[in-house]
Amino acid sequence: MHIHHVVHTCTYTHFCIDVTHHMTLLQLIQALDLSHGCIGDDGVQDLVRLLEVCAHLQDLGLADNDLTQSSVGPLCGYLLSAVCLQSLDLSANFRLCNAACLQLLDAVLSSNLVRLNMSYCGMASPLPLAGMEKPRLPLRMEKLDLSGNDLEPADCSFICLWLGGFSPIHHNSIILSVK
């Protein structure tokens, strides 16, 4: 079952009211695209509570929702508890800063995600990489998109190494655009 652009046609408040009447439906959802919904930081807490009901959610689209550093804590908490979630699209959340993006990438290391789109999320060189340790476990990540961010080649190389080394040998792909 797929629901696309639910928030696009109503306000976030109406979305919350509507969804609470359909808890059984929420438990069955496998893909949910809430892109371009203007959820913002204020709506993320409520959204995360609702997503916790979506026990079978595999694909989540949150592109272009005006998310900032304030949204990252709840999203990371959800990522760590979402057993079925495999794909997350956070693209075009331009106001996410370097620290927020690195915090999300760090949470990905302990999640079940295999696809992450963080293109056009406001990352810019130099990244605050001090204190970042190489992950202890190999990633299951198949695709990471960091294109559209203002990253220097050195930062891109570090991210690739930090995430366990993306390479064609392992059938992984990382999409980057560099200065």
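## Helix α4 and its surroundings

Helix α4 has a set of buried residues, namely S71, V72, P74, L75, C76, Y78 and L79. The cover over these buried positions includes helix α3, strand β3, strand β4 and helix α5. The model described here is predicted, and each value in this report is computed from it.

## Overall architecture

The protein contains six helices and seven strands. Read from the N terminus, these elements follow the order β-α-α-β-α-β-α-β-α-β-β-α-β. Of the 179 residues in the protein, 46% are buried.

Contacts between residues at least 6 apart in sequence give a view of how the chain is folded: 85% of them join residues at least 24 apart. The surface that the protein exposes comes to about 9,000 Å². Carbon and sulfur atoms supply 57% of that exposed surface.

## The nonpolar core

The largest nonpolar core of the protein comprises 45 residues. Within this core, the residues with the most contacts are L57, L60, L62, L90, L104, L116 and M118. Two or more core residues come from each of the helices α3 (40-51), α4, α5 and α6 (153-162). Helix α5 gives the most to the core, with seven residues. As a general background, nonpolar side chains in soluble globular proteins tend to be buried together.

L57 illustrates the surroundings of one such core residue. When residues up to four places away in sequence are not counted, L57 touches I29, Q30, A31, L32, L51, Y78, C84 and L85. One of these partners, Y78, is also among the buried residues of α4. Another partner, C84, is partly exposed, because its relative accessible area is 28%, above the 20% under which a residue counts as buried.

## Helix α5

Helix α5 spans residues 98-108. Eight of its 11 residues are buried, so the helix is largely enclosed by the rest of the structure. The buried positions are N98, A100, C101, L102, L104, L105, A107 and V108. One of them, L104, is also listed with the residues that have the most contacts inside the largest nonpolar core.

N98 is found in this helix and counts as buried because its relative accessibility is 16%. A polar atom of the N98 side chain lies 2.7 Å from the backbone oxygen of A124. Leaving aside neighbours within four places in sequence, N98 is in contact with G122, M123, A124, P126, L127 and P128. A124 therefore appears both in this list of contacts and as the residue whose backbone oxygen faces the polar side-chain atom at 2.7 Å.

## Salt bridges

A search of the whole structure finds four salt bridges. One of them joins the side chains of D59 and R115, with an N to O distance of 3.4 Å. This pair links distant parts of the chain, since D59 belongs to strand β3 (residues 59-61) and R115 to strand β5 (residues 115-117), 56 residues apart. D59 counts as partly exposed because its relative accessibility is 27%, and R115 counts as partly exposed at 27% relative accessibility.

R115 also takes part in a salt bridge with E142, where the closest N and O atoms are 3.8 Å apart. E142 lies in the loop between β5 and β6 (143-145) and R115 in strand β5, so this pair ties together parts that are 27 residues apart in sequence. E142 counts as partly exposed, with 42% relative accessibility. Together, D59, R115 and E142 are linked in a network of salt bridges.

A further salt bridge is formed by R95 and D66, whose closest N and O atoms are 3.1 Å apart. This pair also links distant parts of the chain: R95 is in the loop between β4 (87-89) and α5, D66 is in the loop between β3 and α4 (69-81), and 29 residues separate them. D66 is partly exposed, with a relative accessibility of 42%.

## Cysteines

The count of disulfides comes to zero. C121 is an example: the closest cysteine sulfur to its own is that of C101, and the 5.1 Å between them is too far for a bond, given that a disulfide requires sulfur atoms within 2.5 Å. C121 is buried, with a relative accessible area of 0%, and C101 is one of the buried residues of α5.

Technical notes:
Residues numbered from 1 in each chain as written. Predicted model: local features only at pLDDT ≥ 70, side-chain atom pairs only at ≥ 80, totals over all residues. Heavy atoms only, no water. Helix = DSSP H or I, 4+ residues; strand = E, 2+ residues; numbered from the N terminus. Buried < 20%, exposed > 50% of the residue type's maximum accessible area, 1.4 Å probe, protein only. Polar contact = N/O pair within 3.5 Å; in protein donor to acceptor, adjacent residues only side chain to side chain. Contact = heavy atoms within 4.5 Å. Areas by Shrake-Rupley, 256 points an atom, 1.4 Å probe, with all protein chains shown as cover. Core = buried A, V, L, I, M, F, W, Y, C linked by side-chain atoms within 4.5 Å.
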